[in-house]
Amino acid sequence: MRAWLLPEGCESFGQLYLGELPDPTPGPGEVLIAPKAWSINYRDFAVAAGKYFGGPITQPSVPLSDGAGEVLAVGEGVTAFQPGDRVQGSFFMDWVDGPQVMGRALGDGKAPGMLAEKVVLPAHGVVKVADSLSYAEAACMPCAGVTAWNALFEGGRPITAGSRVLVLGSGGVSMIALQLARAAGAEVIATSSSDEKLARVLALGAAHGVNYKAVPEWGAYVAKEFGGAHKVVEVGGVGTLQQSMNALASEGEIALIGVLADGDPPHPRQLMMTGGSIRGIFVGSVAMAIRLNAFVDAHAIKPPIGATFAFEDAGKAYAHAWGPDSFGKTVIAL
Ligand SMILES: NC(=O)c1ccc[n+]([C@@H]2O[C@H](COP(=O)([O-])OP(=O)(O)OC[C@H]3O[C@@H](n4cnc5c(N)ncnc54)[C@H](OP(=O)(O)O)[C@@H]3O)[C@@H](O)[C@H]2O)c1
(Lines give C-alpha, C1' and ligand atoms only; values in the text may rest on other atoms or scores of the structure.)
Protein backbone atom coordinates (compact mmCIF):
# COMPACT_ATOMS: atom_id res chain seq x y z
CA MET A 1 0.00 0.00 0.00
CA ARG A 2 1.00 3.63 -0.46
CA ALA A 3 1.70 5.75 2.61
CA TRP A 4 3.08 9.22 3.14
CA LEU A 5 6.10 9.10 5.45
CA LEU A 6 8.23 11.45 7.53
CA PRO A 7 11.89 10.33 7.46
CA GLU A 8 13.99 9.64 10.55
CA GLY A 9 15.29 12.94 11.93
CA CYS A 10 12.69 14.91 9.95
CA GLU A 11 12.91 18.67 10.49
CA SER A 12 10.15 19.97 8.25
CA PHE A 13 7.00 18.85 6.45
CA GLY A 14 8.90 19.57 3.22
CA GLN A 15 10.64 16.20 3.74
CA LEU A 16 7.37 14.25 3.52
CA TYR A 17 7.62 11.52 0.84
CA LEU A 18 5.24 9.00 -0.70
CA GLY A 19 6.43 5.46 0.00
CA GLU A 20 5.27 1.85 0.08
CA LEU A 21 4.54 -0.20 3.20
CA PRO A 22 3.35 -3.81 3.57
CA ASP A 23 -0.44 -4.14 3.74
CA PRO A 24 -1.38 -4.31 7.45
CA THR A 25 -3.73 -6.97 8.82
CA PRO A 26 -5.88 -6.60 11.95
CA GLY A 27 -4.96 -8.67 14.99
CA PRO A 28 -7.34 -9.57 17.83
CA GLY A 29 -9.30 -6.50 18.94
CA GLU A 30 -8.17 -4.44 15.95
CA VAL A 31 -9.88 -2.84 12.96
CA LEU A 32 -8.48 -2.46 9.42
CA ILE A 33 -9.55 0.86 7.89
CA ALA A 34 -9.17 2.28 4.37
CA PRO A 35 -9.09 6.06 4.94
CA LYS A 36 -10.82 8.10 2.22
CA ALA A 37 -10.05 11.59 3.53
CA TRP A 38 -7.71 13.30 5.96
CA SER A 39 -7.25 16.76 7.48
CA ILE A 40 -4.22 18.70 8.66
CA ASN A 41 -3.85 20.23 12.11
CA TYR A 42 -1.30 22.72 13.38
CA ARG A 43 0.32 19.95 15.48
CA ASP A 44 1.20 18.07 12.29
CA PHE A 45 3.79 20.77 11.51
CA ALA A 46 5.29 20.32 14.99
CA VAL A 47 5.42 16.54 14.53
CA ALA A 48 7.20 16.96 11.17
CA ALA A 49 9.66 19.41 12.75
CA GLY A 50 10.50 16.91 15.51
CA LYS A 51 9.15 19.36 18.09
CA TYR A 52 6.04 17.55 19.25
CA PHE A 53 5.79 15.87 22.65
CA GLY A 54 7.04 12.58 21.27
CA GLY A 55 10.28 14.31 20.23
CA PRO A 56 12.15 13.85 16.94
CA ILE A 57 11.08 11.23 14.40
CA THR A 58 13.24 8.16 15.11
CA GLN A 59 12.05 5.95 12.24
CA PRO A 60 10.05 6.57 9.04
CA SER A 61 6.57 7.37 10.30
CA VAL A 62 3.11 7.87 8.81
CA PRO A 63 1.80 11.30 9.88
CA LEU A 64 -1.64 12.76 10.67
CA SER A 65 -4.11 12.05 13.42
CA ASP A 66 -7.15 12.88 11.37
CA GLY A 67 -8.63 10.53 8.84
CA ALA A 68 -12.00 9.01 8.06
CA GLY A 69 -12.73 5.97 5.96
CA GLU A 70 -14.29 2.55 5.59
CA VAL A 71 -13.77 -0.56 7.67
CA LEU A 72 -12.24 -3.28 5.48
CA ALA A 73 -11.93 -6.05 8.08
CA VAL A 74 -12.02 -6.66 11.81
CA GLY A 75 -9.84 -8.86 13.98
CA GLU A 76 -10.90 -11.60 16.34
CA GLY A 77 -13.26 -10.48 19.09
CA VAL A 78 -14.36 -7.20 17.47
CA THR A 79 -18.14 -6.90 17.51
CA ALA A 80 -18.66 -3.11 17.50
CA PHE A 81 -17.62 -2.70 13.86
CA GLN A 82 -18.05 -4.58 10.61
CA PRO A 83 -16.75 -4.20 7.05
CA GLY A 84 -18.36 -1.21 5.34
CA ASP A 85 -18.79 0.89 8.49
CA ARG A 86 -17.82 4.56 8.09
CA VAL A 87 -15.35 5.42 10.84
CA GLN A 88 -12.74 7.88 12.11
CA GLY A 89 -9.84 7.41 14.49
CA SER A 90 -9.64 8.82 18.01
CA PHE A 91 -6.70 11.25 18.43
CA PHE A 92 -5.82 9.60 21.76
CA MET A 93 -6.13 5.93 20.90
CA ASP A 94 -6.58 4.77 24.50
CA TRP A 95 -8.65 7.61 26.07
CA VAL A 96 -12.04 5.98 25.85
CA ASP A 97 -13.99 7.91 28.52
CA GLY A 98 -13.64 9.61 31.90
CA PRO A 99 -10.58 11.56 33.12
CA GLN A 100 -7.86 12.56 30.69
CA VAL A 101 -5.53 9.80 29.50
CA MET A 102 -2.53 10.88 27.46
CA GLY A 103 -0.77 7.86 26.00
CA ARG A 104 -0.66 6.94 22.33
CA ALA A 105 -1.63 9.81 20.01
CA LEU A 106 -2.25 9.09 16.33
CA GLY A 107 0.36 10.40 13.92
CA ASP A 108 2.82 11.64 16.55
CA GLY A 109 5.78 9.79 15.04
CA LYS A 110 5.44 6.88 17.49
CA ALA A 111 1.81 5.71 17.24
CA PRO A 112 0.21 4.85 13.87
CA GLY A 113 -0.61 7.75 11.56
CA MET A 114 -3.61 8.00 9.26
CA LEU A 115 -2.07 9.28 5.99
CA ALA A 116 -1.90 5.87 4.32
CA GLU A 117 -4.16 3.74 2.15
CA LYS A 118 -4.70 1.30 5.03
CA VAL A 119 -4.44 1.70 8.81
CA VAL A 120 -4.94 -0.72 11.70
CA LEU A 121 -6.34 0.74 14.93
CA PRO A 122 -7.52 -0.80 18.21
CA ALA A 123 -11.32 -1.08 18.12
CA HIS A 124 -11.59 0.92 21.35
CA GLY A 125 -9.99 3.87 19.53
CA VAL A 126 -12.37 3.84 16.55
CA VAL A 127 -15.51 5.97 16.28
CA LYS A 128 -18.38 5.82 13.78
CA VAL A 129 -18.49 9.08 11.82
CA ALA A 130 -21.48 11.42 11.91
CA ASP A 131 -24.01 10.06 9.38
CA SER A 132 -24.61 13.51 7.90
CA LEU A 133 -20.94 14.10 7.01
CA SER A 134 -18.97 13.16 3.91
CA TYR A 135 -15.61 11.50 4.49
CA ALA A 136 -13.89 14.85 3.85
CA GLU A 137 -16.04 16.56 6.46
CA ALA A 138 -15.70 13.70 8.94
CA ALA A 139 -11.92 13.90 8.59
CA CYS A 140 -12.06 17.36 10.23
CA MET A 141 -13.46 15.99 13.46
CA PRO A 142 -10.93 13.79 15.32
CA CYS A 143 -8.61 16.60 16.47
CA ALA A 144 -10.09 20.04 15.67
CA GLY A 145 -13.70 18.96 16.15
CA VAL A 146 -13.23 17.07 19.40
CA THR A 147 -11.03 19.85 20.79
CA ALA A 148 -13.69 22.45 20.01
CA TRP A 149 -16.36 20.23 21.54
CA ASN A 150 -14.34 19.63 24.71
CA ALA A 151 -13.61 23.36 25.05
CA LEU A 152 -17.26 24.38 24.76
CA PHE A 153 -19.33 21.60 26.30
CA GLU A 154 -17.23 19.49 28.66
CA GLY A 155 -15.83 20.46 32.07
CA GLY A 156 -17.48 22.52 34.78
CA ARG A 157 -18.62 25.52 32.73
CA PRO A 158 -20.27 24.31 29.51
CA ILE A 159 -21.78 26.97 27.28
CA THR A 160 -25.53 27.35 27.01
CA ALA A 161 -27.91 29.35 24.83
CA GLY A 162 -27.07 33.02 25.27
CA SER A 163 -23.42 32.46 26.25
CA ARG A 164 -20.89 34.68 24.52
CA VAL A 165 -18.01 32.71 23.01
CA LEU A 166 -14.76 34.30 21.80
CA VAL A 167 -12.84 32.34 19.15
CA LEU A 168 -9.29 33.39 18.21
CA GLY A 169 -8.20 33.37 14.57
CA SER A 170 -9.83 31.61 11.65
CA GLY A 171 -8.12 28.22 11.94
CA GLY A 172 -9.64 24.76 12.18
CA VAL A 173 -10.39 24.56 15.91
CA SER A 174 -11.82 28.08 16.03
CA MET A 175 -14.07 27.73 12.98
CA ILE A 176 -15.57 24.45 14.16
CA ALA A 177 -16.02 25.97 17.64
CA LEU A 178 -17.84 28.88 16.00
CA GLN A 179 -20.29 26.50 14.34
CA LEU A 180 -20.86 24.36 17.44
CA ALA A 181 -21.39 27.44 19.59
CA ARG A 182 -23.89 28.93 17.13
CA ALA A 183 -25.80 25.65 17.02
CA ALA A 184 -26.03 25.76 20.83
CA GLY A 185 -27.54 29.25 20.67
CA ALA A 186 -24.43 31.12 21.77
CA GLU A 187 -23.26 34.46 20.42
CA VAL A 188 -19.83 34.29 18.83
CA ILE A 189 -17.16 36.98 18.70
CA ALA A 190 -14.18 36.17 16.47
CA THR A 191 -10.73 37.64 15.98
CA SER A 192 -8.51 37.42 12.90
CA SER A 193 -5.44 39.11 11.46
CA SER A 194 -7.34 39.67 8.21
CA ASP A 195 -10.45 41.72 7.44
CA GLU A 196 -11.13 39.48 4.47
CA LYS A 197 -11.13 36.39 6.70
CA LEU A 198 -13.32 38.23 9.23
CA ALA A 199 -15.91 38.71 6.48
CA ARG A 200 -15.92 34.92 5.97
CA VAL A 201 -16.17 34.37 9.72
CA LEU A 202 -19.19 36.68 9.94
CA ALA A 203 -20.75 34.77 7.04
CA LEU A 204 -20.36 31.59 9.12
CA GLY A 205 -22.47 33.15 11.87
CA ALA A 206 -20.19 35.19 14.13
CA ALA A 207 -21.96 38.26 15.49
CA HIS A 208 -18.81 40.39 15.74
CA GLY A 209 -15.32 40.35 14.28
CA VAL A 210 -12.21 42.04 15.65
CA ASN A 211 -8.94 42.40 13.74
CA TYR A 212 -6.35 41.54 16.40
CA LYS A 213 -3.62 43.35 14.50
CA ALA A 214 -5.62 46.58 14.20
CA VAL A 215 -6.90 46.32 17.80
CA PRO A 216 -3.96 45.05 19.91
CA GLU A 217 -5.98 45.49 23.14
CA TRP A 218 -8.73 43.28 21.77
CA GLY A 219 -9.40 41.73 25.17
CA ALA A 220 -10.52 44.98 26.80
CA TYR A 221 -12.34 45.83 23.56
CA VAL A 222 -14.39 42.61 23.68
CA ALA A 223 -15.21 43.21 27.37
CA LYS A 224 -16.27 46.83 26.80
CA GLU A 225 -18.06 46.58 23.47
CA PHE A 226 -19.72 43.18 23.77
CA GLY A 227 -19.97 42.52 27.51
CA GLY A 228 -17.11 40.04 27.65
CA ALA A 229 -16.84 36.33 26.85
CA HIS A 230 -18.22 33.48 28.95
CA LYS A 231 -15.89 31.16 27.07
CA VAL A 232 -12.65 31.81 25.20
CA VAL A 233 -11.38 29.24 22.72
CA GLU A 234 -7.71 30.06 23.45
CA VAL A 235 -5.59 28.79 20.59
CA GLY A 236 -2.82 31.42 20.92
CA GLY A 237 -1.26 30.49 24.27
CA VAL A 238 1.29 32.67 26.05
CA GLY A 239 1.10 35.47 23.51
CA THR A 240 -2.70 35.91 23.65
CA LEU A 241 -3.57 34.75 27.16
CA GLN A 242 -3.45 38.24 28.74
CA GLN A 243 -5.90 39.54 26.16
CA SER A 244 -8.12 36.48 26.63
CA MET A 245 -8.20 37.10 30.40
CA ASN A 246 -9.04 40.75 29.75
CA ALA A 247 -11.91 39.63 27.51
CA LEU A 248 -13.64 37.49 30.15
CA ALA A 249 -17.15 38.13 31.38
CA SER A 250 -17.94 37.38 35.02
CA GLU A 251 -17.11 33.73 35.80
CA GLY A 252 -15.99 33.11 32.25
CA GLU A 253 -13.70 30.22 31.33
CA ILE A 254 -10.66 30.18 29.10
CA ALA A 255 -10.31 26.85 27.32
CA LEU A 256 -6.51 26.71 27.01
CA ILE A 257 -5.73 24.93 23.77
CA GLY A 258 -3.00 26.31 21.58
CA VAL A 259 0.54 27.52 21.21
CA LEU A 260 0.32 29.76 18.16
CA ALA A 261 1.53 33.02 19.67
CA ASP A 262 4.73 33.92 21.54
CA GLY A 263 4.81 36.90 23.87
CA ASP A 264 5.27 38.13 27.40
CA PRO A 265 3.85 35.88 30.11
CA PRO A 266 0.42 37.07 31.27
CA HIS A 267 -0.40 38.33 34.75
CA PRO A 268 -3.24 36.27 36.26
CA ARG A 269 -4.81 39.08 38.30
CA GLN A 270 -7.63 39.54 35.80
CA LEU A 271 -8.94 36.09 36.73
CA MET A 272 -9.54 37.41 40.28
CA MET A 273 -11.45 40.41 38.92
CA THR A 274 -13.84 38.24 36.94
CA GLY A 275 -13.96 35.02 38.94
CA GLY A 276 -12.63 33.53 35.75
CA SER A 277 -10.89 30.20 35.28
CA ILE A 278 -8.58 28.47 32.88
CA ARG A 279 -9.12 24.86 31.88
CA GLY A 280 -6.49 22.93 29.96
CA ILE A 281 -7.76 21.03 26.95
CA PHE A 282 -5.98 18.19 25.19
CA VAL A 283 -8.29 17.09 22.37
CA GLY A 284 -10.65 14.63 24.06
CA SER A 285 -11.88 11.07 24.49
CA VAL A 286 -13.72 8.57 22.31
CA ALA A 287 -16.85 9.35 24.36
CA MET A 288 -16.51 13.06 23.53
CA ALA A 289 -16.10 12.25 19.84
CA ILE A 290 -19.33 10.22 19.98
CA ARG A 291 -21.17 13.09 21.72
CA LEU A 292 -19.78 15.55 19.15
CA ASN A 293 -20.88 13.42 16.21
CA ALA A 294 -24.42 13.12 17.60
CA PHE A 295 -24.54 16.92 17.98
CA VAL A 296 -23.21 17.40 14.43
CA ASP A 297 -25.96 15.16 13.06
CA ALA A 298 -28.67 16.82 15.18
CA HIS A 299 -27.69 20.32 14.04
CA ALA A 300 -26.61 19.57 10.45
CA ILE A 301 -23.17 21.08 11.05
CA LYS A 302 -20.72 21.07 8.15
CA PRO A 303 -17.13 21.89 9.16
CA PRO A 304 -15.66 24.74 7.09
CA ILE A 305 -13.18 23.28 4.59
CA GLY A 306 -10.99 26.01 3.11
CA ALA A 307 -9.15 23.84 0.58
CA THR A 308 -9.01 20.21 -0.61
CA PHE A 309 -6.05 18.39 -2.18
CA ALA A 310 -5.58 14.96 -3.77
CA PHE A 311 -3.79 12.17 -1.85
CA GLU A 312 -0.84 12.50 -4.24
CA ASP A 313 -0.62 16.23 -3.37
CA ALA A 314 -0.35 15.84 0.41
CA GLY A 315 2.81 18.00 0.42
CA LYS A 316 0.89 20.82 -1.26
CA ALA A 317 -1.86 20.44 1.33
CA TYR A 318 0.66 20.88 4.15
CA ALA A 319 2.13 23.96 2.42
CA HIS A 320 -1.32 25.50 1.99
CA ALA A 321 -2.33 24.82 5.60
CA TRP A 322 0.91 26.45 6.77
CA GLY A 323 0.48 29.50 4.51
CA PRO A 324 -1.37 32.79 4.97
CA ASP A 325 -4.38 31.82 2.83
CA SER A 326 -5.52 28.88 4.94
CA PHE A 327 -9.00 29.15 6.41
CA GLY A 328 -10.80 26.59 8.55
CA LYS A 329 -9.72 23.07 7.64
CA THR A 330 -7.36 21.91 4.90
CA VAL A 331 -8.39 18.47 3.65
CA ILE A 332 -6.76 15.69 1.62
CA ALA A 333 -9.22 13.39 -0.13
CA LEU A 334 -9.04 10.42 -2.48
N1 LIG B 1 -4.65 21.30 23.11
C2 LIG B 1 -5.28 20.67 22.14
O3 LIG B 1 -6.00 19.71 22.34
C4 LIG B 1 -5.19 21.18 20.74
C5 LIG B 1 -5.97 20.62 19.73
C6 LIG B 1 -5.96 21.19 18.48
C7 LIG B 1 -5.13 22.28 18.24
N8 LIG B 1 -4.35 22.76 19.22
C9 LIG B 1 -3.53 23.94 19.02
O10 LIG B 1 -4.41 25.02 18.76
C11 LIG B 1 -3.81 25.91 17.86
C12 LIG B 1 -4.72 26.05 16.64
O13 LIG B 1 -4.73 24.82 15.95
P14 LIG B 1 -5.46 24.71 14.54
O15 LIG B 1 -5.19 23.34 14.03
O16 LIG B 1 -6.84 25.21 14.65
O17 LIG B 1 -4.58 25.75 13.72
P18 LIG B 1 -4.75 26.28 12.26
O19 LIG B 1 -5.94 25.71 11.61
O20 LIG B 1 -3.42 26.14 11.60
O21 LIG B 1 -5.06 27.83 12.57
C22 LIG B 1 -4.13 28.80 12.34
C23 LIG B 1 -4.83 30.15 12.52
O24 LIG B 1 -4.61 30.63 13.83
C25 LIG B 1 -4.67 32.03 13.83
N26 LIG B 1 -3.59 32.63 14.59
C27 LIG B 1 -2.27 32.56 14.40
N28 LIG B 1 -1.63 33.32 15.28
C29 LIG B 1 -2.59 33.91 16.03
C30 LIG B 1 -2.57 34.85 17.08
N31 LIG B 1 -1.44 35.38 17.54
N32 LIG B 1 -3.76 35.23 17.61
C33 LIG B 1 -4.92 34.72 17.16
N34 LIG B 1 -4.99 33.84 16.14
C35 LIG B 1 -3.83 33.46 15.60
C36 LIG B 1 -4.57 32.49 12.40
O37 LIG B 1 -5.85 33.02 12.05
P38 LIG B 1 -6.00 34.31 11.15
O39 LIG B 1 -5.28 33.97 9.86
O40 LIG B 1 -7.45 34.49 11.00
O41 LIG B 1 -5.33 35.44 11.89
C42 LIG B 1 -4.24 31.21 11.64
O43 LIG B 1 -4.84 31.18 10.37
C44 LIG B 1 -2.42 25.35 17.58
O45 LIG B 1 -1.49 25.92 18.46
C46 LIG B 1 -2.57 23.88 17.87
O47 LIG B 1 -1.35 23.27 18.20
C48 LIG B 1 -4.35 22.23 20.46
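Visitor: How do you know which classes of residue make up the lining of the second largest pocket?

Guide: In this predicted model, the lining residues of the second largest pocket are sorted by class. The result is ten nonpolar, four polar and two charged residues. Proline and alanine count as nonpolar and glycine counts as polar.

Visitor: What is the volume of the second largest pocket, and which residues are closest to its centre?

Guide: The volume is about 260 Å³. Its lining holds 16 residues, and Leu 21, Val 62, Ala 111, Pro 112 and Gly 113 are the closest to the centre.

Visitor: How much space lies in the largest pocket, and which residues lie nearest its centre?

Guide: About 1,400 Å³ of space lies there. The lining of the largest pocket consists of 48 residues, with Tyr 42, Gly 171, Val 235, Val 259 and Leu 260 nearest the centre. Elements that give two or more residues to this lining include helix 1 (42–48), helix 3 (141–153), helix 4 (172–183) and strand 15 (329–333). Helix 1 supplies the largest share, four residues. By class, the lining of the largest pocket has 24 nonpolar, 19 polar and five charged residues.

Visitor: Why is the largest pocket said to lie between domain 1 and domain 2?

Guide: Residues of domain 1 (2–142 + 284–333) and residues of domain 2 (155–280) both occur in its lining, so the largest pocket lies between the two domains.

Visitor: What makes an empty space a cavity and not a pocket?

Guide: The 1.4 Å probe fits inside a cavity but cannot get out, whereas a pocket is open. A search of the whole structure finds one cavity of 30 Å³ or more. The largest cavity has a volume of about 30 Å³.

Visitor: Which elements each supply at least two residues of the lining of the largest cavity, and of which classes is that lining made?

Guide: The elements are strand 5 (86–89), helix 3 and helix 9 (286–299). Among the lining residues of the largest cavity are Gln 88, Phe 91, Pro 142, Val 146 and Ala 289. The classes are five nonpolar, five polar and no charged residues.

Visitor: Why is helix 3 described as largely enclosed by the rest of the structure?

Guide: A residue is called buried under 20% relative accessible area. In helix 3, 13 of the 13 residues are buried, so the helix is largely enclosed by the rest of the structure.

Visitor: How do you know that the end C-alpha atoms of helix 3 fall short of the span of a straight helix?

Guide: The expected span is 1.5 Å times one less than the number of residues. Helix 3 has 13 residues, for which a straight helix would reach 18 Å, but its end C-alpha atoms are only 15 Å apart. Just after helix 3, Gly 155 has a positive phi of about 80°.

Visitor: Which phi does Leu 64 take, and why is this residue called buried?

Guide: Leu 64 has a positive phi of about 80° although it is not a glycine. The residue lies in the loop between helix 1 and strand 4 (66–74). The limit for buried is under 20%, and the relative accessible area of Leu 64 is 0%, so the residue is buried.

Visitor: Why is Ala 300 called exposed?

Guide: Exposed requires over 50%, and Ala 300 has a relative accessible area of 58%, so the term applies. Ala 300 lies in the loop between helix 9 and strand 14 (305–310). Its phi is positive, about 50°, although Ala 300 is not a glycine.

Visitor: Why does Ile 278 count as partly exposed?

Guide: Partly exposed covers the range between under 20% and over 50%. Ile 278 has a relative accessibility of 36%, so it counts as partly exposed. Ile 278 is found in strand 13 (residues 277–280). The C-alpha atoms of Ile 278 and Gly 252 are separated by 8.8 Å, and the two residues are 26 residues apart along the chain.

Visitor: Why does Glu 20 count as exposed?

Guide: The cut-off for exposed is over 50%. Glu 20 has a relative accessibility of 61%, so it counts as exposed. Its place is in strand 2 (residues 17–20).

Conventions. Residues numbered from 1 in each chain as written. Predicted model: local features only at pLDDT ≥ 70, side-chain atom pairs only at ≥ 80, totals over all residues. Heavy atoms only, no water. 1 Å grid on protein atoms, 1.4 Å probe; cavity = no way out; pocket = protein on both sides within 12 Å on 5 of 7 lines; lining within 4 Å. Points joined across faces, edges and corners; volume = space filled by probe spheres on them. Domains from an automatic or database assignment. Buried < 20%, exposed > 50% of the residue type's maximum accessible area, 1.4 Å probe, protein only.
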